[in-house]
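Open your viewer, get comfortable, and keep the selection box at hand. We will go from stop to stop together.

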Amino acid sequence: MSGPLKLRDPETLRLPLEAAVQCMRCGFCLAACPTYQVTGLETQSPRGRIHLVRSAAEGWLDPAAILPALDLCIGCRACEPACPAGVPYGQILEASRAELEPRRPRPWLEGVAWRVVLRGLLGRPWGLRLSRWLYRLYRALGLQGLIRRTGVLERLLPPLGELEASLPSPERADGPARGKAPLGNGPRVAFFSGCVQAIALDHVNQAAIRVLEAAGCQVLIPPGQGCCGAVHAHLGDREAALAQARRNIEVFEQVEADWIVNVAGGCGAALKEYPDWLAGDPQWAERAQAFASRCRDFTELVDQLPLPELGPFEAAVTYQDSCHLRNVQGVVDPPRRLLRRVPGLRYVELPGAAQCCGAGGVYTLTQPAMSRELLDAKMAQVAQVGASVLAVANTPCHLQLLMGARRLAQGRVGGAPATAPVQVLHIAEILDRAIQAGARGAG
Ligand code: SF4
Ligand code: SF4
């Protein structure tokens, strides 16, 4: 851990000045920014944050002073498509965090804990296997039930406790095993499982694989793959993020596949940005390009494939965009088109679907007040459109909105009318159920 942050010492800092000076301060991005919408503060807007980074880079401002503004940024990147000058806000944010994070005064134990989680449990294939095993053990031993019954975690660590209490129940999480469909002669798909996705929402991965197989794909799950590195990049651990990128590129180079597919908008955005991450590394830049050119979001690929006959999925369904799927990957229509293909499903567009739900990786835990405010506003909109199912396409959104559905059912969302419980399902789960219903109808 380095010493305290220095004032007006620009030569010791490598803040992204070149990118920051591209901002012409027009303010077109303000309306898109959720933290500006809530606070009304310039310092909590994209324009304000870029100006703070620039001022610190030029030595006019103590870099410590800009940390609170960067911390409250969700990293949703809604400001990027809104910007007429093409300012690379995501790069500015991640480069600034990578530069300032090691200088942040932090209690020693907290620093160690973050390191264990980021570099150990989420940073290594063995760490992911261990996390998955520990999570299963936690449920199998009945600790999850005990913690939920007593509400002890919600009292001691409210943000974490609320998140834990909203995780899918063991029955759902255990779901049916992967599909038994014969090998199709469609595209060969290498499946990227993710980290938290594979630990807490593995049933979604299994549903996605069944759908891909039903659509004729040959699905492989390359062993040795790890976390995409997005969480490391968001939290300023650039070195660990790049290590994840190199590992994943290497692993997926070993398999012959037409596409590399994942179900999490945030992970997919990181995988597609590996060429930017590794642009300065002559050994890896070309390999990163080749890797990223094969990456597709699940909805992006399945939208292009013929599906077997779908059975009815009788429900009013609305869809919350994943910020990184929409703002970074530019995937807007495929999830909606897929939902509209399902018979019986009544699709209702969610007003403000493009605005962040407040998930943002670990933002739910690190900025609980802002995160809950955005979540409650989102759930009030869901209640208003009268949907019984909320479709999602990203891991943190999925967990966050499960928590939102629980808050809604408990009457804790201010201003929302009383509603029947809302189910939160990934689009892959909805398609999987419709395919199974279609097969039952045909049989
Ligand atoms: S990433 Fe999201 S929260 Fe951060 S400045 Fe841009 S729009 Fe605002
Ligand atoms: S829209 Fe772009 S150029 Fe305009 S203030 Fe925002 S970041 Fe700067």
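The stops below cover two ligands, one cysteine, the nonpolar cores and a helix.

Before clicking, note that this is a predicted model, in which local features need pLDDT of at least 70 and side-chain atom pairs count only at pLDDT 80 or more, while totals for chains, interfaces and linings use all residues. Residues are numbered from 1 along each chain as its sequence is written, chains are lettered from A and ligands numbered from 1 in the order in which they are written, and side-chain values use heavy atoms, with hydrogens and water left out.

**Stop 1: ligand 2.** Select ligand 2 and the residues around it (a heavy atom within 4 Å). You should find 13 residues, with C23, C26, G27, C29 and C83 the closest. By type, this shell holds 10 nonpolar residues (Ala, Val, Leu, Ile, Met, Phe, Trp, Tyr, Cys and Pro), one polar and two charged.

**Stop 2: ligand 1.** Now move to ligand 1. Its surroundings also come to 13 residues, of which C33, C73, C76, R77 and C79 come nearest. Nine are nonpolar, two polar and two charged. Colour α2 (34-39) and α3 (46-57), helices being DSSP runs of H or I with at least four residues, numbered from the N terminus: each gives this shell at least two residues.

**Stop 3: C33.** Zoom in on C33, in the loop between α1 (17-20) and α2. Is C33 buried or exposed? It counts as buried because its relative accessibility is 7%, and the cut-off for buried is under 20% relative accessible area (1.4 Å probe, protein chains only). Leaving aside residues up to four places away in sequence, C33 touches Q44, S45, P46 and R49, where contact means heavy atoms within 4.5 Å. The C-alpha atoms of C33 and P46 are 7.0 Å apart, although 13 residues separate them along the chain.

**Stop 4: the cores.** Next, select L212 and F298, which touch the most other members of the 73-residue largest nonpolar core (buried Ala, Val, Leu, Ile, Met, Phe, Trp, Tyr and Cys joined through side-chain atoms within 4.5 Å). Helix α25 (residues 395-409) gives this core its largest share, seven residues. Apart from this core lies another of 25 residues, including A233, F252, A257 and L271.

**Stop 5: α11.** Finish with helix α11 (residues 158-166), where seven of the nine residues are buried. Among the elements covering them are α8 (125-140), α24 (368-385) and α25.

Notes: Buried means under 20% relative accessible area, exposed over 50%, partly exposed in between (1.4 Å probe, protein chains only).
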